[in-house]
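Me: I'd like to go through the labels on this structure and ask what stands behind each of them. Please set each value against its cut-off for me.

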Amino acid sequence: MCRRTHQDMGKIQMVDLVSQYKNIQEEVDNAILNVVGSAAYIRGSEVKGLEEELAAYLGIKHVITCGNGTDALQISLMALGLKPGDEVISASFTFIATVEVIALLGLIPVMVDVDPSTFNIDPKAIENAITDKTKAIIPVHLFGQCGNMDAIMEVAKKHDLYVIEDTAQAISAAYTNNNGETKKAGTIGHIGCTSFFPSKNLGCYGDGGAIFTEDDEIAEMLRMVANHGMKKRYYHEVIGVNSRLDNLQAAVLRIKLRLLDNYKGARNAVADFYDNAFINMEQLSIPERNPQSSHAFHQYTLKCNGIDRDGLKDHLAARDIPSMVYYPVPLHMQDAFINNPSFKQTSLPITEDLAKKVISLPIHTEMKEEQLILITETVKEYINSIS
Ligand SMILES: *Cc1c(COP(=O)(O)O)cnc(C)c1O
């Protein structure tokens, strides 16, 4: 057997959506052509089918699809009837969408710190940030595993707050609560939101999103807000938005939903390989697993301890291995928030430290072992070269 060269194994990518498509090409192509031929482009049977199948998969009563994950969050806040000046607590260590929509609606984002090992929002920090204006909490299940939902739900109950789970990165993960009940990410709080952006774990071929809830009244409001504030056509009860998932995208998602657990397995195999390679290296911390949550591994994120993170990134890039920093600037330090007079900036030491130390390695459903060997060897090569 000859040693394969870098060329043979294909270019390493953070996410390889082309290879994934090729493995399901015939089914996907047929589904797309069916929709195109049917001319049912908006609110067609594929959307309805996806909503039902996703509800069954998640074990939740209502799934409402919408235009993207950011809309899902915005529609959720609108449906809960929050008023300008109300405070919503979320993390600073997340993608901007989570907090952007709070500010966009004239609500006050209150960003708190995260747990340094799991990267997820710290329930104690939530409790400390609660005021008489606080109305909701948006925990983000960052990188693919659930935050400490038992503690978050307890704080929410005590202070009568809504919980909107941002599960854009964690669809398919499941959380087992202190009573031993297991629920899918996004079905634990009052509302769950997800994104079908192409690179997400359940991604379509454009934009898409969905909202989940068990509550009939909230579901009715969500549907109404997402559809111009109307239940009956041309009778508008509230100010809403236009946010819908294309029937074409729903057709693709129905196929990929059936593969989602396999995809999760493939991502976990990559994560396990990385864990084994790095577990004994003091210069790197592998991502800590929350024992109460399974992990969907949207990202595999290491922390650099006392070594130059950007040096590692450059070393990988010089060998054609991509890596990413999620996220280089904490949200509370972004100009968009600093320059916003209604936003009171607090320092968040853990988040600020993480922004300097984290690095995410390629992880996707079609990774080959020789790619993983090359990546881990190249990381080790860098560590050895500086120590
Ligand atoms: C991707 C993402 C979103 C937004 O989803 P879009 O579909 O791109 O609007 C929201 N929150 C988190 C944590 C995300 O990763």
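Reply: Gladly. Leaving out neighbours within four places in sequence, I338 is in contact with H332, M333, F343 and Q345, where contact means heavy atoms within 4.5 Å. This is a predicted model, in which local features need pLDDT of at least 70 and side-chain atom pairs count only at pLDDT 80 or more, while totals for chains, interfaces and linings use all residues. Residues are numbered from 1 along each chain as its sequence is written, and side-chain values use heavy atoms, leaving out hydrogens and water.

Me: Is I338 buried, exposed or partly exposed, and what makes it so?

Reply: The relative accessible area of I338 is 39%. Buried means under 20%, exposed over 50% and partly exposed in between, with a 1.4 Å probe and protein chains only. I338 is therefore partly exposed. Its place is in helix α11; helices here are DSSP runs of H or I with at least four residues, strands are E runs of at least two, and both are numbered from the N terminus.

Me: How do you know whether A125 is buried or exposed?

Reply: A125, in helix α6, has a relative accessible area of 15%, so it counts as buried. Leaving aside residues up to four places away in sequence, A125 touches V112 and D113. From A125 to S90 the C-alpha distance is 10.0 Å, with their positions 35 residues apart in sequence.

Me: Why is the pair of Y274 and F278 called stacked?

Reply: Rings of Phe, Tyr and Trp (its six-membered ring) pair if their centres lie within 6.5 Å; planes under 30 degrees apart count as stacked, over 60 as edge-to-face and the rest as tilted. The search of the whole structure finds ten aromatic pairs. In the pair of Y274 and F278, the centres are 6.1 Å apart and the planes make 15°, hence stacked.

Me: What separates Y274 and F278 along the helix?

Reply: About one helical turn, because they are four residues apart in helix α9 (residues 247-278). An α-helix has 3.6 residues a turn, so residues three or four places apart point the same way. Y274 is buried, at 0% relative accessible area, and F278 is buried as well, also at 0%.

Me: What makes the pair of Y274 and Y300 stacked, edge-to-face or tilted?

Reply: Their ring centres are 4.8 Å apart and their planes meet at 40°, so this pair is tilted. Y274 sits in helix α9 and Y300 in strand β11 (residues 300-304), 26 residues apart, so the pair links distant parts of the chain. Y274 and Y300 are both buried.

Me: How does the span of α9 compare with the expected one?

Reply: The expected span of a helix is 1.5 Å times one less than its number of residues. For the 32 residues of α9 that gives 46 Å, and the helix reaches 43 Å from first C-alpha to last, which is close. There is also a kink of about 50° centred on L259, where the bend at a residue is the angle between axes fitted to the seven residues ending there and the seven starting there.

Me: Which residues of helix α7 are buried, and what do they pack against?

Reply: In α7 (residues 149-159), M149, D150, I152, V155 and A156 are buried. The buried residues pack against α6, β4 (134-138), β5 and β6. D160 follows α7 and has a positive phi, near 55°.

Me: What sets F119 apart in its backbone, and is its side buried or exposed?

Reply: F119 has a positive phi of about 70° although it is not a glycine. At 4% relative accessibility, F119 counts as buried, and its place is the loop between β3 (108-112) and α6 (123-129). Ring pairs also link F119 with F93, F143, Y326 and Y327 into a cluster. In that cluster, the peptide bond from Y326 to Y327 is cis, with omega near 5°.

Me: What makes K184 a charge over the ring of Y57?

Reply: The rule asks for NZ of Lys or CZ of Arg within 6 Å of the ring centre and within 35 degrees of the ring normal. K184 lies over the face of Y57, at 4.1 Å from the ring centre. The charged end of K232 likewise sits over the ring of Y235, at 4.4 Å from its centre.
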